Amino acid sequence: MLRRLLNGIHFPLVFAVIALAAIGMLFIYSASYRDPGNYEVKQVFWVLIGLGVLIGVPFIGYRPFLSVSYFFYVLSLVLLVLVDFFGHKHLGAQRWLSLGPIAIQPSEFAKLATLLAVVNFLGVHHPWEGQIKTVSVALLLLVVPFALIVKQPDLGTALLFIPMSLVMLFLWGVRKRFFIAAFGAAALAVPLAWEFLKEYQKKRLWVFLEPNRDPLGSGYTALQAKIAVGSGGLWGKGYLAGTQSQLHFVPEHHTDFIFCVIGEEWGFLGSLLVLCCYGFLFHSIFLIMQHTTDVKAKMLCGGVLALLLSQVVINIGMTFGLMPIAGLPLPLVSYGGSSFVMTCIALGLVLSVYRERSIF
Amino acid sequence: MFTRFHFFQGFVFLMLAALGLGLFHTQVVRGHYFLELSTRNHIRLIPLEAPRGRVFDQKNRLLATNRASYNVVAIPEDVTPEVYPLLAKLLDMPEADLRERMSAGREYPFAPAVIRGDVTRELAFKIEERQPELPGVSIRVDGVRYYPYGETASHVIGYIGAVSRDEYRDLDHDRYGMNSMVGRAGIERVFDESLRGWRGGEQIEVNASGQKVQVLSDRKPEPGEDIKLTLDLEFQKRIMDMVKGQHASVAVLDLETDGLLAMASAPGYDPNIFVSPATSEQRMTVLKDQNSPMLDRGINAAYPPGSVFKLVTALAALDLGKITPETRFSCNGSFRLGPKSKPAHCWFKAGHGSINLYEALERSCNVYFFNVAKRLTPDDIAHYAHVLGLGEPMRLEIGRLAPGFIPDSSWKRAKFHQPWYQGETLNMAIGQGYVLVTPLEILRLTSIIAKDGLVVEPHIVARDRQFVPEKPRVAIQEQNLDVIRRAMLQVVESDYGTGQLARVDFDKLAGKTGTAQAPPNKSHSWMTGFFPYKDPKLAFVVFVEHGGSGGITSARLVKQVLETWKELNAAPVT
């Protein structure tokens, strides 16, 4: 029975997920064992749910998800609008929606819903016929949730839409000249859009791109994060022996800045281990992509990969100053239920592509 | 074959390799540098509050500014145990309190905690002198709010207070720190966003003894914007002196700009006591005071208008054609609706005899208006009251809600499940019963009459002269407004008028008095009007809670107010 249940599961991918989740729980404990909250215990619970989802989604398959994708898409737009009215503010941004005891983050949901909707739309249109119309509609589908998320403002999550869209269009087969035209249009649109922004919005964007403009807020965080990661050296200070992260120099060290704790306590070797786990995960996704001929499935896997990769690059990059400080979790490692479960759903869809590889 | 797929694959692993290289550079190549920074914990973050914008009167006199205050601050991580008893002695506070202050929430580790704010200069110097014995403790000079004229315009300017822990959590931390002050009332509250400016700060690297080695990065605080009001400080101050000890509201409007020249509410409070933690006792006294000094009687309290409301009744009857200015009714001192009803009295027991509308307003005859009321429905009167802005929201910057109330028949039915009785119309016609207004609403009404029906919205923040919005008119015929203005002139200038005591010798004044019954206490005293009668420049309202007769208490105040205005605006001798 169990054998039949697990038949058709791509184990290397599941293994990478478990390895990353295990590292996550270890360091959530290290980051927060002095604080109340028992985050590592809660995370165990979320990891179990996530793994259940990861194994469960392939049994539904990705096609049913695609067929209801427009419904998900509209639902996520409604949630994004609702959060504008009823959401509660945290640190000046309106991101969370309370549904009884649980708070959900519609932007997290919107990412996946948009991905599915765009894949579904592009999948039924062949790239050889009428690219202009198809690409315009696809871009429209992407821009609406993007704009709503920018408005919250949650610039970090909004930013993820860009690589995701590029990868999907690229894999779909958009012509090179459209790619160039799109870049040109974006470059022209930026100064125009800039004029429409209010003074405080401009300020926020500047600080986002250049944290040193705000030595009190993200500038300070950026510096402290860099000190934490850098001070780990080659070997690290040892598990539970970090000083920077433990002393609260770095905020949100069990969520967005978990990598600081890893880098400080396990050093460059630990960082490399995490990078290798991600490399292995991405490699598995590539293998699965090679095994399918369904264009939709390819775009779906590519979109998921793009989302994960950009989160990894932004999250790890911001700890040593390569990227701006964007409140994004490190996928599968950071503390947080909705991020972990959402990532598992996305990877579950990838697994189901592998399971259905023989259906041509 | 090299496909798009391979390109994508290559790109992904290139990105991961870039991350790896970056980490190698940070952790292995520069690892020692960061390790040293981390073991010494040598980065300090010093937040710098932006100076709050100032508030000026129309002649650029300061109503709210900032003064320097000396704060005793300490970085708890740098404080040694010997410091506690010594500092406790110097500050004359229990050591337990001191420890509590040290461990209070801070925005960052190594950020200074405020041990005591706003200490005297002497104490600050004493602590500075003993600095070597007090590691980690220092004196920081900050700007704090200062209101040079105390309670003079307290209700207009408002006051500020520290953000609470709960508020802080939900605020934008770029602009609000844990100990930031926010406006709590008046101009300070409404314009908090522009007054507050932007916080700045600097990251500094310090050596082992906590001294600054270098500034790593900084951001200068951006001061808040100044605000200029239409108030005339000197005028306001003189008016506050006139009404000292009473419960009163006086407001004067410049009819040319619709800006308020004075807006006084007595008793006032000293907003300075909300600034410094040292004055918490005074704060409690003010908050618990039975005289409610925090209440702005001009906009936040509603009272029966009494005879002032006859202006509305008269306009309603004239405009609906129910009477003409020459319509006469006879007053013998009392009035009966029907043969069996209880008589209603005129304030003048002997009766006014046969009088027309001018005389009725001039002498404020109740019986005349009872007769007028018989020809009107309550909804007629309510309609004209709303047209003239009673019970309608204000657009005044510091208070948009007008708590005044104008009853009508449907309200009565909904509220009491009873029809409207005609006797209640009589009461309404003379501004008693359910009718409630705020002094500022009455000021707006008078201004509309004075400006021949142009809609007036009083404001208090000075505006650009160029900005002239299109002025709508109220739906009342001009000749009827003219009748009312002439009647108001007679109120003051006729020898039978109820407002004679307000008469001034330098020009003609028009007004209307009101004495609103407020049993069991003394009546409320009202007077409103405009000045001069020809080409009015000012409109005013004077209200004294339980002040007795409007023709005495308020009329006398009006005279003083106008004489003061004349004195302050006398053409300079050349």
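Here are a few notes on chain B, its cores and its contact with chain A.

1. Keep in mind that this is a predicted model, where local features need pLDDT of at least 70, side-chain atom pairs count only at pLDDT 80 or more, and totals for chains, interfaces and linings use all residues. Residues are numbered from 1 along each chain as its sequence is written, with chains lettered from A and ligands numbered from 1 in the order in which they are written.

2. Chain B has 20 helices and 19 strands (DSSP runs, H or I of at least four residues and E of at least two, numbered from the N terminus). Of its 574 residues, 43% count as buried, meaning 20 or more other C-beta atoms, placed from the backbone, lie within 10 Å of the residue's own.

3. The largest nonpolar core (buried Ala, Val, Leu, Ile, Met, Phe, Trp, Tyr and Cys joined through C-beta atoms within 7 Å) has 118 residues, and B:Leu231, B:Val250, B:Ala251, B:Ala262 and B:Val561 touch the most other members. At least three residues come from each of domain 1 (44-228) and domain 2 (233-273 + 296-568) of chain B, with bounds from an automatic or database assignment.

4. Another core, apart from that one, holds 115 residues, including A:Val57 and B:Leu19.

5. As for the contact between the chains (C-beta atoms, placed from the backbone, within 7 Å), 39 residues come from chain B and 49 residues from chain A. On the chain B side, α1(B) gives the largest share, 16 residues. That side has 19 nonpolar, eleven polar and nine charged residues (Pro counts as nonpolar, Asp, Glu, Lys and Arg as charged, Gly as polar).

Definitions and conventions: Buried ≥ 20, exposed ≤ 12 C-beta atoms within 10 Å, placed from the backbone. Contact = placed C-beta atoms within 7 Å.
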